[in-house]
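Reader: I would like to learn how to read strand pairing, burial and backbone angles from a model. Could we take the features one after another, with the general idea before the case?

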Amino acid sequence: MILTFFALFFNDLNRSTVSESKRIKILTILQDASTGIEVKAMGWVRTKRASKNVAFVSLNDGSTIKNLQVVLDVDHFDDALLAKITTGASISVVGKLAESQGAGQTVELLAESIEVLGEADAEKYPLQPKRHSLEFLREIAHLRPRTNTFGAVMRVRHNLAFAIHQFFHEKGFFHLHSPVLTSSDAEGAGETFKVTTLDLQQVPKSEDGSIDFKKDFFEKETNLTVSGQLEGELAALALSEIYTFGPTFRAENSNTTRHLAEFWMVEPEMAFYDLQDNIALAEEMLKRIIRFALEHCEEDLDFLEKREQDEQKNRPQNERSELSLLERLQLVVDHDFERVSYTDAIRILKDSKPNKKKKFQFLIEGWGADLQSEHERFLVEKHFKKPVVLFDYPKDIKAFYMRQNDDGKTVGAMDVLFPGIGEIVGGSQREERLDRLTQRMGEMGIPEEDLWWYLETRKYGTVPHSGFGLGFERMVQFVTGMSNIRDVIAFPRTPGNCEF
């Protein structure tokens, strides 16, 4: 296909002038690696080094982590033009491809004409050709995609998103655009961003002194969504199998490496699925999208693996991963996930050496404990040495909508645990029985009138159904090996930070 494209392109080129030729992406140029042909490349200058007679420019356009080396005959170009070709500048180059004389590249571009599209102040440009800390790069998030690290992360992120849509489309799921504005907070967590058009300098009050939301745009208290699940359930109970993939928001005042205020969730909901069907779908999806990344992001993942290995050298020994990035990804793809009940997991953790020797930060004393990341990682990395699915959790630590089991103590919940990161997917079989659902809502203090529409689906043709949620940034974090979730989204939103 690439050769056909080049044939058509160069036939057309013969009928036009060089200035009319179309830009070819650097990825295409390097993949084809043809020599003796004329091409136009555009991109940003990563580095420039010059001698008396020749200058070498590393050009990158974001299509690949690799740079195209552009060779300039200094005598052929004006000194004023050459002075404008600095790190950070954007240029358009027309020339012929030749076999490269340097290591690590197959072809280089012998420049015949150059146009500077945008200059960059060489002294002030923040991304100088040296190593920058991730903390510094977060302060210049508008430029950090130009670095190798963040270019690789963004390309991997794109491929993961594409693989998710492809997976569900091929299985006959329908993509639902769930609302961003809602009057529901899904799990009743209360950590929502409020949305209003009221004048905050003169907020209208009711007779009892509370805010009069009847004067607001929606005439009721409204917030940004924390999940598309409840709306997804409504659609699944008509279309059978749907998924949502959209932004969600949580106003949790947390500054950890695992939390964002704005993040993306993938939330499939399936009618006629029980808990085991739900688990099987989650495993199939996770393996599929990781396999897709391994097949389509090889160069970026190789770079990110080497980057992680360099980063781990500066960590304490007990914080270093025993497996490399690619080994962790292959571990997920190659192994059947271990399915373990919560009750069995508690027994394993309670009897484990870290618990007995009090090495866990949160000691497991008995049934009913809410598992932490350290417990999840122990099960995956030390005990089973493969991905783990925990199921049948105590109902008292889970949400109201999860189906109650016959034992009266547990619900049909499930979490998928991965090496290095712990929980990556959480889901459940949903409670389809109206009486059991309203009973649970009453126990948790959730007013029925607020979710009347949700309850009506249990009155009119209710069916067993299930679903789960995948935090997309957490998935990107796992696949890229980035240690901070703020570095796998283009513009992170965290407490005190809504720049860009």
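Author: Two strands count as paired if DSSP finds at least two bridges between them. This is a predicted model, and in it β14 and β15 run antiparallel and are joined by six bridges.

Reader: What holds such strands together in general, and in which senses can they pair?

Author: Strands of a sheet pair through backbone hydrogen bonds, and the pairing is either parallel or antiparallel. Here strand β12 (residues 338–341) pairs with β13 in the parallel sense over four bridges, with S341 standing opposite F391 in β13. On the other hand, β13 and strand β14 (residues 410–418) pair in the antiparallel sense over six bridges, and there Y393 stands opposite V411 in β14.

Reader: Which residue is the bridge partner of D415 in β15, and which strand pairs with β15 over six bridges in the antiparallel sense, apart from β14?

Author: The bridge partner of D415 in β15 is G426. Strand β16 (residues 465–471) pairs with β15 in the antiparallel sense, again over six bridges, and G426 has G469 as its bridge partner in β16.

Reader: How many residues of β13 and of β15 are buried?

Author: A residue is called buried when its relative accessible area is under 20%. In strand β13 (residues 388–394), six of the seven residues are buried, and the strand is mostly covered. In strand β15 (residues 422–430), seven of the nine residues are buried, so the strand is largely enclosed by the rest of the structure.

Reader: What is the order of the strands in the open sheet of three strands, and how do they pair?

Author: The order is β7-β9-β8, with antiparallel pairing. The edge strands are β7 and β8 (194–195), because each of them pairs on one side only. Strand β9 (residues 222–224) runs antiparallel to β8 and is joined to it by two bridges, and K194 stands opposite N223 in β9.

Reader: How should I read the sign of phi, and where does it deserve a second look?

Author: Most residues other than glycine have a negative phi. F272 is not a glycine, although it has a positive phi of about 70°; it lies in the loop between β11 (262–271) and α7 (275–296), and with 56% relative accessibility it counts as exposed. K385, another residue other than glycine, has a positive phi near 55° and lies in the loop between α12 (373–384) and β13. Among the glycines, G420 takes a positive phi near 80° in the hairpin of β14 and β15, which has three residues between the strands, while G172, which follows α5, has a positive phi near 85°.

Reader: What span should helix α5 have, and how far apart are its end C-alpha atoms?

Author: The expected span is 1.5 Å times one less than the number of residues. Helix α5 (residues 148–170) has 23 residues and should therefore span 33 Å, which agrees with its end C-alpha atoms being 33 Å apart.

Reader: Is D300 buried or exposed, and which side chain does it contact?

Author: D300, which is in helix α8 (residues 298–312), is buried, because its relative accessible area is 8%. A polar contact of 3.0 Å joins its side chain to that of R155.

Reader: Which residues form the nonpolar patch on the surface?

Author: The patch is formed by V180, L181, F217 and F218, which together have about 370 Å² of accessible area. V180 lies in the loop between β6 (174–175) and β7 (181–182), and at 32% relative accessibility it counts as partly exposed.

Notes
Residues are numbered from 1 along each chain as its sequence is written. Side-chain values use heavy atoms; hydrogens and water are left out. Patches are made of residues with over 30% relative accessible area and no salt bridge: like charges are joined within 9 Å, nonpolar side chains (Val, Leu, Ile, Met, Phe, Trp, Tyr) within 5 Å. Accessible areas come from the Shrake-Rupley method with a 1.4 Å probe; for residues, only the protein chains shown count as cover. A salt bridge is a side-chain nitrogen of Lys or Arg within 4 Å of a carboxyl oxygen of Asp or Glu. Buried means under 20% relative accessible area, exposed over 50%, partly exposed in between (1.4 Å probe, protein chains only). A polar contact is a pair of N or O atoms within 3.5 Å; within protein, one must be able to donate a hydrogen and the other to accept it, and residues adjacent in sequence count only if both atoms are side-chain atoms.
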